[in-house]
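Please work through the exercises below with the sequence and the coordinates open beside you. Each task is followed by a solution that goes step by step.

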Amino acid sequence: MDWAQLPEDTVFEGEQLGRWAVAQRAGWPGLEADQQDLLAAIGIEADPELAAAKAAAEAKPKVPRADRFAQGLAALAAFARREGHVRVPRPHKEPLEVVVAGPSAAKSRSSSHSPITPSRGRSGPPQS
């Protein structure tokens with residue numbers, strides 16, 4: 001079997017075999033030598049392009065959950081100010097100016113004990 005040609009959406013007896021094969025080929029550098037040997041014995045080999053794509057995706061900075069929530073809340077507030085309601089249509093995307101903060105800013109936000117209130121919008125002192 002040519003595992004490189006197996007469609008990613010292939011399901012066999014309820015198992016997502018296609019996704020599993022792609023994950024093994026992409027994650028080859030992180031596998032133990034005996035795992036690589038077992039996969040090679042059935043014809044699954046490393047895929048340098050998949051491995052590079054996986055490494056690039058893992059290298060991207062992750063946005064903490066609290067920051068994603070704050071971004072969503074800011075987008076909803078902007079939409080509500082403009083439209084006068086919060087019934088957002090499903091395919092809608094609200095343009096926002098994204099500010100990337102360093103680790104120290106994220107740490108100080110997560111250690112804050114001030115609750116988010118409707119009048120303040122975010123924790124911390126009110127903005128003027």
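The exercises concern a predicted model, and they go from the fold and its confidence to single residues and their partners.

**Exercise 1. Determine which secondary structure elements the chain has, and in what order they come.**

Solution. The assignment gives five helices and zero strands, so that reading along the sequence yields the pattern α-α-α-α-α. Of the 128 residues, 16% count as buried, and the chain exposes about 10400 Å², of which carbon and sulfur atoms supply 57%. Among contacts between residues at least 6 apart in sequence, 22% join residues at least 24 apart.

**Exercise 2. Find which helix has the lowest mean pLDDT and which has the highest.**

Solution. Begin with the chain as a whole, which averages a pLDDT of 80, with 75% of the residues scoring at least 70. Among the elements, helix 5 (residues 103–111) has the lowest mean, 49, whereas helix 2 has the highest, 95. Next, look for runs under 50: residues 108–115 are one of them, with nine contacts beyond four places in sequence in the model, and residues 122–126 are another, also with nine such contacts. Where pLDDT is low, the predicted coordinates should not be read in detail.

**Exercise 3. Identify the residues of the largest nonpolar core, and examine the surroundings of tryptophan 28.**

Solution. The core has seven residues, namely Trp3, Leu6, Ala21, Trp28, Leu31, Leu39 and Ile44. Tryptophan 28 is placed in the loop between helix 1 (17–26) and helix 2 (33–41), and because its relative accessibility is 15%, under the 20% limit, it counts as buried. Leaving aside neighbours within four places in sequence, tryptophan 28 is in contact with Gln36, Leu39, Ala40, Ile44, Glu45 and Ala46. Isoleucine 44, with the same neighbours set aside, is in contact with Trp3, Trp20, Gln24, Arg25, Trp28 and Leu39.

**Exercise 4. Establish whether the partners in the salt bridge between arginine 25 and aspartate 47 are buried or exposed.**

Solution. The structure holds four salt bridges. In the one between arginine 25 and aspartate 47, the closest N and O atoms are 2.7 Å apart. The pair links distant parts of the chain, since arginine 25 is in helix 1 and aspartate 47 in the loop between helix 2 and helix 3 (48–59), 22 residues apart. Arginine 25 has 10% relative accessibility and therefore counts as buried, and aspartate 47, at 16%, counts as buried too. The C-alpha atom of aspartate 47 is also separated by 7.7 Å from that of tryptophan 28, 19 residues away along the chain.

**Exercise 5. Work out which residues are joined with arginine 82 in one salt-bridge network.**

Solution. Arginine 82 forms a salt bridge with glutamate 83, the closest N and O atoms being 3.0 Å apart, and a salt bridge with glutamate 94, where that distance is 2.6 Å. Because arginine 82 lies in helix 4 and glutamate 94 in the loop between helix 4 and helix 5, the latter pair ties together parts 12 residues apart in sequence. Through shared partners, Arg82, Glu83 and Glu94 thus belong to one network. As for accessibility, arginine 82 is partly exposed at 46%, glutamate 83 is partly exposed at 40%, and glutamate 94, at 17%, counts as buried.

Notes
Residues numbered from 1 in each chain as written. Predicted model: local features only at pLDDT ≥ 70, side-chain atom pairs only at ≥ 80, totals over all residues. Heavy atoms only, no water. Helix = DSSP H or I, 4+ residues; strand = E, 2+ residues; numbered from the N terminus. Buried < 20%, exposed > 50% of the residue type's maximum accessible area, 1.4 Å probe, protein only. Contact = heavy atoms within 4.5 Å. Areas by Shrake-Rupley, 256 points an atom, 1.4 Å probe, with all protein chains shown as cover. Core = buried A, V, L, I, M, F, W, Y, C linked by side-chain atoms within 4.5 Å. pLDDT = per-residue confidence, 0-100. Salt bridge = Lys/Arg side-chain N within 4 Å of Asp/Glu carboxyl O.
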